[in-house]
Amino acid sequence: MLIIFIGPPGSGKGTQASLLCEHLSITHLSTGDMFRTAIQQETELGRHAQDFINQGELVPDQLVVDMVAEAISRPPQADGCLLDGFPRSLPQAESLDEILSADGNGIDAVLELDVDEDTLVARLLDRQRPDDTLETIKNRLEVYSQQTSPLLDYYRQRGQLTSIDGKGTVQDVHERILADLPSGKT
Ligand code: AP5
Ligand code: MG
């Protein structure tokens, strides 16, 4: 099973992905978390990614695609996973299609978490991750609107997109996700 979460920074991708992965017994793969681990471990990948992340820019597509291709081919991810924050550009979405078709697998659902900008900014300023400064948040939102939001049409046209209202309590949003998952996936 493969589920994709798309949403702007602070929309709750990580929070909801954890709950849904536990519910479905699948693996949570967050590209942001993978980069933060690489930075902490001071790997080559981490050194490459750090400046992009600090500025709220996307890490170059090829670096991300190679990292995800390697991760989703490994067990237990190969049996089912949720991609949180990938793909987030059209080239990444096209690369994912190629990787999956080579494996004979497909995408089961693409879930968009929809949250207004004031709520996003308030949530992120409250959290205080290193990239949660007002300046970087504004850039992350701009990058989302320019480079990631075109993916909504990409998946909508293929009939794979489900939009979820991401406001309200964490539990409310979780229940909406379970109710709106395409049938047979819960
Ligand atoms: P990434 O780590 O993916 O960050 P992001 O997309 O900016 O999103 P966040 O993780 O900040 O928010 P979230 O939607 O996961 O929400 P969360 O659950 O944490 O990416 C970071 C960087 O890595 C990127 O800028 C880029 O540089 C790089 N990168 C990553 N993937 C990449 C890719 N594919 N290509 C290129 N570069 C890539 O919630 C946020 C806060 O709100 C938390 O404090 C949470 O507790 C709170 N919260 C959640 N839900 C609720 C609720 N319902 N009510 C109240 N508070 C809530
Ligand atoms: Mg996250």
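A polar side-chain atom of Arg129 sits 3.1 Å from an oxygen atom of ligand 1. That pairing, like everything below, comes from a predicted model. Two further polar pairs involve nitrogen on the ligand side. Thr31 brings a polar side-chain atom to 2.7 Å from a nitrogen atom of ligand 1, while at Gly85 the partner is a polar backbone atom, 2.8 Å from a nitrogen atom of the ligand. Taken on its own, ligand 1 has 1000 Å² of accessible area, and the protein covers 86% of it.

So much for single pairs; now the shell as a whole. Ligand 1 is surrounded by 30 residues, with Thr15, Thr31, Glu57, Arg88 and Arg127 the closest. By class, this shell splits into 10 nonpolar, 11 polar and 9 charged residues. Ligand 1 occupies the space of the largest pocket. Two or more shell residues come from each of helix 1 (13-24), helix 2 (31-40) and helix 6 (117-127). Helix 2 is the top contributor here, giving 4 residues to the shell.

Next, the pocket itself. The volume of the largest pocket comes to about 830 Å³. Its lining runs to 41 residues, and those closest to the pocket centre are Pro9, Lys13, Arg88, Arg129 and Arg140. Arg88 therefore turns up on two lists, being among the residues closest to ligand 1 and among those closest to the centre of the largest pocket under the lining rule. Elements supplying at least two lining residues each are helix 1, strand 2 (27-30), helix 2, helix 6, helix 7 (134-148) and helix 9 (170-180). Helix 2 again takes the largest share, with 5 residues of the lining. Sorted by class, the lining has 12 nonpolar, 18 polar and 11 charged residues.

The second largest pocket has a volume of about 200 Å³. It is lined by 14 residues, of which Met1, Leu2, Ala78, Leu100 and Asn105 are the closest to its centre. The class split for this lining is 6 nonpolar, 5 polar and 3 charged.

Closed space is a separate matter. The count of cavities of 30 Å³ or more comes to 1, and the largest cavity holds about 40 Å³ of space. Its lining is made up of Phe5, Ile6, Gly7, Lys13, Gly85, Phe86, Pro87, Arg88, Tyr144 and Thr148. Strand 1 (2-6) and helix 7 are the elements that give two or more residues to this lining. In terms of class, 5 of the lining residues are nonpolar, 3 polar and 2 charged. Some of these names are familiar from the ligand site: Gly85 lines the cavity and also offers its backbone to a nitrogen atom of ligand 1. Lys13 and Arg88 line the cavity too, and both are listed among the residues closest to the centre of the largest pocket.

Two backbone details round off the picture. The peptide bond from Phe86 to Pro87 is cis, with omega near -5°, and both of these residues belong to the cavity lining. Pro87 falls in the loop between strand 3 (81-84) and helix 5 (90-103). The other detail concerns Glu42, a residue other than glycine whose phi is positive, near 55°. Glu42 lies in the loop between helix 2 and helix 3 (44-55).

Note on methods
Residues are numbered from 1 along each chain as its sequence is written. Chains are lettered from A and ligands numbered from 1 in the order in which they are written. This is a predicted model: local features need pLDDT of at least 70, side-chain atom pairs count only at pLDDT 80 or more; totals for chains, interfaces and linings use all residues. Side-chain values use heavy atoms; hydrogens and water are left out. A residue is near a molecule or strand if one of its heavy atoms lies within 4 Å of it. A polar contact is a pair of N or O atoms within 3.5 Å; within protein, one must be able to donate a hydrogen and the other to accept it, and residues adjacent in sequence count only if both atoms are side-chain atoms. Accessible areas come from the Shrake-Rupley method with a 1.4 Å probe; for residues, only the protein chains shown count as cover. On a 1 Å grid over the protein atoms alone, a cavity is a set of points where a 1.4 Å probe fits but cannot get out, and a pocket is an open set with protein on both sides within 12 Å along at least five of seven lines; lining residues have an atom within 4 Å of a point. A molecule sits in a cavity or pocket if more than half of its atoms lie within 2 Å of its grid points. Ala, Val, Leu, Ile, Met, Phe, Trp, Tyr, Cys and Pro count as nonpolar, Asp, Glu, Lys and Arg as charged, and the others, Gly among them, as polar. Grid points are joined across faces, edges and corners, and a volume is the space filled by probe spheres set on the points.
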